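Subject: A structure for you to look through

Hi there,

Here is the structure I promised you, with the sequence alongside. Please open it first, and then read my notes below with the model on your screen.

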Amino acid sequence: MSACPDYARIPAVFNGRCPCPVRRAASHNTFSFYAIPPILRSIMERYEDSQLYRIRHSTAHIMAQAVLERFPEAKIAIGPPIEDGFYYDFDLPRALTDDDLKAIEKRMRKIISQGHEFVRKEVSADEARELFAGQSYKLELIDGLEQGGVDEYGEKTDQALVISTYTQDSFEDLCRGPHVANSREINPKAISITFKAPAGAYWRGDENREMLTRIYGTAWETPEQLQEYLNLLEEARKRDHRRLGQELGLFTFNQEVGKGLPLWKPNGAILRDLLERFLRDVQIKRGYEPVITPHIARIALFERSGHYPYYKDSQYSPFEVEGDMFMLKPMNCPHHIHIYRSDLHSYRDLPIRYAEFGTVYRYEKSGELHGLTRVRGFTQDDAHIFCTPEQLEDEFLGVVDLIEFIFNGLGLTDYRARIGIRDPESDKYVGDDANWNKAAQAIIAAADKRGLDYRVEEGEAAFYGPKLDFIVRDVLKREWQISTVQVDYNLPARFELEYVGEDNERHQPIMIHRALYGSLERFVAVLIEHYGGAFPAWLSPVQIVLIPVADRHIEYAEQVAAQLDARGLRVNVDVSSGRIGAKIRTATQQKIPWMLVVGDQDIESGAVSVRLRGGEDLGAIPVENFIEQALAIVNNKSLELQ
RNA sequence: GCCGACGUAGCUCAAUCGGCAGAGCAAGCGCCUUGUAAGCGCUAGGUUAUGGGUUCAAGUCCCAUCGUCGGCUCCA
């Protein structure tokens, strides 16, 4: 992230939104897909045609019926299918209780089993208004449908829309369908609305409008599928980086320190430091030069860059020092720019690549904070490349190559690429159209040349330029922007950057902002969840634990540990008074890659009995042999333990 | 920030209708001397997030604040 860019979390398109083409992500017109292979994507595209989709859509209607029966004065909004289920938004007279949900769910099962037909009817706008008199949200939808250009989800469409309703039992809803023909197609034992708490949601996603109550539901074809889904949620909960961060002693938060301000414990700091070293070494080989800059700067710096005026709301308040105003830096680029400016550069010097693990601070609203993935102070693996127009494409591709190299090296495969361009209707961007177009074309051309599978999305650019982002999803299916590469003509102009060309004239360089991990905080969170805490050996905070069988074996264990330590392996000795089984259990729960049991037989043969965290027993191995094997795995950054 | 739920020992949780704050794990001490996912005993650990209020009596009810969680919104 650059910086400027953002490491920031992008909205989880899945959350509350449907992955099928019926719905688009709210902030742009380009439908987004996820990190799925094209072959699966073709299946995804047909989600809205599937029986599962109809089941969910129809179950949503039945839920609305049950809610209206319980709260006759309730107003209904919309209720689309989403990935793994559906929701329906209501304006309710009071907050829902668990008992309400249980009763509604019970009633839904009853309605389903009664076998009601879903009957479609086409109506005129006026007829629809009559049908939904008093239902203000529906009336608003009808207006949009009648006037055209806005579909029932409040989003723009070119299609001429027919107004239709579907009726089952006593409930009629404004809806385009499709639905099941009869509620008997729904398995009443394969639905649930109590699996997830109701939540608030703004009408039409607009924070200036009414806050509605959203009830989430899930529905499957069989009870077994439902159970499988619930099991999956439970598994995801176990992999949650916040939980594992606590269990593995990686990081903590403290109320007195402040929310959104992570404290890295020793184990977490080791992990993070290893990631930093890994990238630093690779970067040096690829021609990056380390730079270091302070955490604050005069506000004037950010006024010139454009950050302050454009993104005031997400920055911390300025503070006065000797009559001058300063602020915590929300990004590193302006600092790096002044390093560039401190010397006169020849075209022969370019490209110049400055890299820094730069800590930045951004104000995030309290409700937006989330573990390590959304915090208020974080460290970016930030770099800025200053290059000539001729070098731009190669430099850009070099960054993409580096990103994929790092991702592959860490076993990260589940990501998608996105090219973010300006929202043509927004004014929160700096620079002129020509520069923006040049930059966007450069990115698209480079991505095509690389053969990247990407989506172009409007409104996802940085404020000074378009970008290519790599996005992953966490266990809760929230999407997070990790890597970003941005082409920037604007900051070089604002800071009047130059280099002397071959023609002996002054020219303006182009900047590439880039971050691979994005923020170390977020990236570590993603890695924790990706590996479920069982990191590759080279990243494991503790790689080996020595387990003496009895107290008389502690001395030998300490000797072996010293040998391992001398070879650079991170090792502990479990000297607790527990049985061996307890020590194995503890080490396994801590996801320590290698457990070395040492007892009389091992001492006699100068060996260790090796057990892997997955439970594999490799038997007795001479100490030196084990060291060589372990070192090979660690030094190769192998993702496997054997 | 908004809607809702929640906050009890380091961690995970219990405490009936408002009636003596408890357990497991972890920790400390001791016993056992162990061969591949929990050996045994003892001890310590608390202003029940914080501040007010109601009540003879508050972990429990009410208000505010702080924090956490699920969503929404935002996300340079």
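Let me start with a question: is C387 buried or exposed? C387 counts as buried, because its relative accessibility is 0%. Please keep in mind as you read that this is a predicted model.

**The cysteines**

You may wonder how many disulfides a search of the whole structure finds. The search comes back with zero disulfides. C387, for one, is in no disulfide, and the nearest cysteine sulfur belongs to C333, 15 Å away. Another cysteine to look at is C175, which counts as buried because its relative accessibility is 7%, under the 20% cut-off.

**The overall layout**

Now zoom out to the whole chain. Chain A is divided into domain 1 (50–232), domain 2 (251–294 + 331–531) and domain 3 (537–635). Notice that domain 2 is written as two stretches of the chain. Between the C-alpha centres of domain 1 and domain 3 there are 57 Å.

**Strand β17 and its partners**

Back to C387, which is one of the residues of β17. This strand is mostly covered, with eleven of its eleven residues buried. As a general point, side chains in a regular strand alternate between the two faces of the sheet. Here is how that looks in β17: G377, T379, D381, A383, I385 and C387 are on one side, while F378, Q380, D382, H384 and F386 are on the other, and all of them are buried.

Which strands does β17 pair with? β16 runs antiparallel to β17, and ten bridges join the two. If you want a landmark for this pairing, find R353, which stands opposite I385 in β17. β24 also pairs with β17 in the antiparallel sense, over seven bridges. The landmark there is C387 again, standing opposite I510 in β24.

**Two helices**

Next, try helix α8, which covers residues 266–285. It has 20 residues and reaches 29 Å from its first C-alpha to its last, close to the 28 Å expected at 1.5 Å a residue. Its buried residues are G268, L271, R272, L274, L275, E276, F278, L279, V282 and Q283. What covers them? The cover includes β11 (263–264), β16 (352–361), β17 (377–387), α12 (392–409), β24 (510–519) and α15 (520–531). So you meet β16, β17 and β24 once more here, among the elements that cover the buried residues of α8. After α8 comes G287, whose phi is positive, near 85°.

Helix α2 (residues 51–70) makes a nice second example. Its 20 residues should span 28 Å at 1.5 Å a residue, and its end C-alpha atoms are 29 Å apart, which agrees. Because 16 of its 20 residues are buried, α2 is largely enclosed by the rest of the structure.

**Three residues to click on**

*Q168.* You will find Q168 in strand β5 (residues 164–168). It counts as buried, because its relative accessibility is 0%. The side chains of Q168 and Q65 are joined by a polar contact of 3.1 Å. Setting aside residues up to four places away in sequence, Q168 touches H61, I62, Q65, H116, E117 and F118.

*T218.* This residue lies in strand β9 (residues 211–219). At 0% relative accessibility, T218 counts as buried too. What does its side chain reach? A polar atom of the T218 side chain lies 2.4 Å from the backbone oxygen of D84, and a polar contact of 2.8 Å joins the side chains of T218 and W220. Beyond neighbours within four places in sequence, the contacts of T218 include D84, G85, F86, A190 and I191.

*D574.* Look for D574 in the loop between β26 (571–573) and α17 (580–589). Although it sits in a loop, D574 is buried, because its relative accessible area is 15% and the cut-off is under 20%. Its side chain makes a polar contact of 2.7 Å with the side chain of S576. Leaving out neighbours within four places in sequence, D574 is in contact with V545, L546, P548 and K583. For a sense of scale, D574 and G260 are 314 residues apart in sequence and 34 Å apart in space, C-alpha to C-alpha.

Enjoy exploring, and write back with any questions!

Best wishes

Definitions and conventions
Residues are numbered from 1 along each chain as its sequence is written. Chains are lettered from A and ligands numbered from 1 in the order in which they are written. This is a predicted model: local features need pLDDT of at least 70, side-chain atom pairs count only at pLDDT 80 or more; totals for chains, interfaces and linings use all residues. Side-chain values use heavy atoms; hydrogens and water are left out. Domain bounds come from an automatic or database domain assignment. Helices (H or I, at least four residues) and strands (E, at least two) are DSSP runs, numbered from the N terminus. Buried means under 20% relative accessible area, exposed over 50%, partly exposed in between (1.4 Å probe, protein chains only). Contact means heavy atoms within 4.5 Å. A polar contact is a pair of N or O atoms within 3.5 Å; within protein, one must be able to donate a hydrogen and the other to accept it, and residues adjacent in sequence count only if both atoms are side-chain atoms. The expected span of a helix is 1.5 Å times one less than its number of residues. A disulfide is a pair of cysteine sulfur atoms within 2.5 Å. Two strands pair if DSSP finds at least two bridges between them.
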